[in-house]
Amino acid sequence: MSTRATYHFKGYLSEVTVYHHTDGYLSGASILFSNAIEGGKRLTAESFIRGNERAEITESHEIHGDTEYRYNIVADLQTIHVSERVIGLDWREIGSAKVEDFITVSESHEDHITAIKELKKLLRSESDKISNLLKEVS
């Protein structure tokens with residue numbers, strides 16, 4: 001069974017959504033991101049498509065009713081915002097992190113289950129930091 005996901009890339013001048021039929025779970029997405037930035041590239045829609053042969057441009061997150069994860073990537077800031085489908089509840093945001101940190105945490109664990117648990121911790125932790133900073137500013 002495949003874990004499907006969509007990846008929405010927001011750049012300074014454009015926005016593109018990409019669909020990938022497999023490996024959409026957190027640690028799988030990390031591998032897809034790593035494929036995209038080999039050789040020191042930045043994570044963009046273009047690098048994602050070039051680095052992952054099964055990636056295909058699509059209309060939006062919403063057009064794919066069978067996805068389990070949604071990744072929103074702010075290319076200029078190199079950040080990832082992740083949401084997962086919760087049965088009976090639609091979508092729930094897990095959190096956000098820097099692309100580099102996301103890949104590093106995933107690569108530091110050999111098995112996918114541990115990597116997924118640690119990625120969820122990272123995403124929640126970074127989101128909490130951002131929320132606290134926003135509270136301090138306002």
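Which residue stands opposite Tyr7 in strand 4? Tyr71 does. The model is predicted, so local features need pLDDT of at least 70, side-chain atom pairs count only at pLDDT 80 or more, and totals for chains, interfaces and linings use all residues. Residues are numbered from 1 along each chain as its sequence is written, and side-chain values use heavy atoms, with hydrogens and water left out.

Helices (H or I, at least four residues) and strands (E, at least two) are DSSP runs, numbered from the N terminus. Two strands pair if DSSP finds at least two bridges between them. Six strands build an open sheet of mixed pairing. Their order is 3-2-1-4-5-6. Strand 3 (56–58) and strand 6 (90–98) are the edge strands, each pairing on one side only. From one strand to the next, the twist averages 25°. Angles run from 0 to 180 degrees between N-to-C directions, and axes are lines fitted to C-alpha atoms, for helices over the stretch in contact.

Strand 1 (residues 5–10) has two partners described here. With strand 4 (residues 69–74), strand 1 pairs in the parallel sense over six bridges. Ala5 stands opposite Tyr69 in this pairing. With strand 2, the sense is antiparallel, again over six bridges. Four residues separate strand 1 and strand 2, and the two form a hairpin. Here Tyr7 stands opposite Val18. Five of the six residues of strand 1 are buried (under 20% relative accessible area with a 1.4 Å probe, protein chains only; exposed is over 50%, partly exposed in between).

Two helices were examined against the sheet. Helix 1 (residues 26–36) lies across strand 1, strand 2 (15–20), strand 4 and strand 5 (79–86). Helix 1 runs at about 40° to strand 4. Helix 3 (residues 99–107) packs on the sheet and touches strand 4, strand 5 and strand 6. Its direction makes about 95° with that of strand 6. Contact means heavy atoms within 4.5 Å.

A nonpolar core is a set of buried Ala, Val, Leu, Ile, Met, Phe, Trp, Tyr and Cys residues joined through side-chain atoms within 4.5 Å. The largest one holds 28 residues. Tyr7, Leu26, Phe33, Phe48, Tyr71, Val82 and Phe102 touch the most other members. Helix 1 gives the largest share, five residues. Phe33 touches residues including Tyr7, Tyr71, Phe48 and Phe102, not counting residues up to four places away in sequence.
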